[in-house]
Amino acid sequence: MLSSRNAEISAKLAADLPNVVVSVDNQTIIDECDTVVLAIRPQIAEAVIRPLRFRNGQKVISVIAATGRPVLSDWIGADVHLTQAIPLPFVSRRKGVTAVYPPDRETAAIFNALGNAVECDTREEYDLLAAASALMGTYFGIMQRTTEWLADQGLPEEKARAYLAPLFVELSQTAAAAGEDVAFIELSREFSTKGGLNEQAFRDFEQEGGSDALARALTNVHARIKG
């Protein structure tokens, strides 16, 4: 059962999937569902949630960014079973990973069906993964800046994109296939010939403050998440 808040998206999902129902209002979802997912922009979340009447013992999964459990519990106003999750856009293709807190078998099962779930034992673990997820824009930003640089050097942009996207895909798949015992820095060395171009590029990145800038950005995001 879906909210009708975004009528276009809700109507499309209802048309594409026979088991999807669009609710007349949010309270009907609360009344008729055993598990409720709060997928609301944080700027309007309080105004949407506070008027709703939840049931004690009801299961609630919040995917609202940068909003802690005490705040959510206050808005909900009932003794619900509350978990939090960070689903990334790739779940639409049943890929990627979703952080879940606190560990919960039923919540993890939902997101394992949409890729795989990582259950966090502490709020700090969850907040740290939330900070790391903020690198998606940076990832694509690096690809864009590289595309622009290649275009400035005379390479047609469509050729730059055709080369870079598969390159980054293969690097990510290599990292995923390497297993947890292989450090990323080991892969960096493996893919860098001694005295070669990859070694030079990463050395320049480090010496020009790239790694420090990345650490500062993550620290600032983490601070914002923690409030």
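Student: In which helix do Arg 145 and Glu 148 both lie, and how many residues apart are they?

Tutor: Both belong to helix H7 (residues 136-152), where they are 3 residues apart, about one turn of the helix. Please bear in mind throughout that this is a predicted model.

Student: How should one read the contact between the side chains of Arg 145 and Glu 148?

Tutor: The general idea is that side chains of opposite charge can pair when their charged atoms come close. In this case the two side chains meet in a salt bridge, at 3.3 Å from N to O. Arg 145 is exposed, because its relative accessible area is 56%, whereas Glu 148, at 34%, is partly exposed.

Student: How many salt bridges does the structure hold?

Tutor: There are 9 salt bridges in the structure. One of them joins Arg 55 to Asp 34, whose closest N and O atoms are 3.9 Å apart; the criterion applied is a distance within 4 Å. This pair links distant parts of the chain, 21 residues apart. Arg 55 sits in the loop between helix H3 (45-49) and strand S2 (59-62), and Asp 34 in the loop between helix H2 (26-32) and strand S1 (35-38).

Student: Is Asp 34 buried or exposed?

Tutor: Asp 34 counts as exposed, because its relative accessibility is 64%. Its partner Arg 55 has 32% and therefore counts as partly exposed.

Student: Which residues are linked with Glu 46 in a network of salt bridges?

Tutor: The network links Glu 46 with Arg 50 and Asp 74. Within it, the side chains of Glu 46 and Arg 50 meet at 2.7 Å, N to O. Glu 46 is partly exposed at 36% relative accessibility, and Arg 50 is partly exposed with a relative accessible area of 41%.

Student: Let us turn to the rings. How many aromatic pairs does a search of the whole structure find?

Tutor: The search yields 4 aromatic pairs. To read such a pair, one considers the distance between ring centres and the angle between planes, with an angle over 60 degrees counting as edge-to-face. The rings of Tyr 139 and Phe 140 are edge-to-face because their planes stand at 85°, with the centres 5.3 Å apart. Tyr 139 also forms an edge-to-face pair with Phe 168, at 5.4 Å centre to centre and 85° between the planes. Since Tyr 139 lies in helix H7 and Phe 168 in helix H8 (residues 157-178), this second pair ties together parts that are 29 residues apart in sequence. Ring pairs thus link Tyr 139, Phe 140 and Phe 168 into a cluster. Phe 168 is buried, with a relative accessible area of 18%, whereas Tyr 139 is partly exposed at 31%.

Student: Finally, the strands. Why is strand S4 described as largely enclosed by the rest of the structure?

Tutor: Of the 5 residues of S4 (residues 97-101), 4 are buried, so the strand is largely enclosed.

Student: In which sense do S4 and strand S5 pair, parallel or antiparallel?

Tutor: S4 and S5 (residues 116-119) are parallel, paired over 4 bridges, and Val 97 stands opposite Asn 116 in S5. Between them the chain passes through helix H5 (residues 105-112), and this β-α-β crossover is right-handed. Strand S3 (residues 81-86), by contrast, runs antiparallel to S4, to which 3 bridges join it. Here Gln 84 stands opposite Tyr 101 in S4. As a general guide to reading strands, in a regular strand the side chains alternate between the two faces of the sheet.

Key. Residues are numbered from 1 along each chain as its sequence is written. This is a predicted model: local features need pLDDT of at least 70, side-chain atom pairs count only at pLDDT 80 or more; totals for chains, interfaces and linings use all residues. Side-chain values use heavy atoms; hydrogens and water are left out. Buried means under 20% relative accessible area, exposed over 50%, partly exposed in between (1.4 Å probe, protein chains only). Helices (H or I, at least four residues) and strands (E, at least two) are DSSP runs, numbered from the N terminus. Two strands pair if DSSP finds at least two bridges between them. A crossover is right-handed if, with the strands pointing away from the viewer, the path from the first strand over the helix to the second runs clockwise. Rings of Phe, Tyr and Trp (its six-membered ring) pair if their centres lie within 6.5 Å; planes under 30 degrees apart count as stacked, over 60 as edge-to-face and the rest as tilted.
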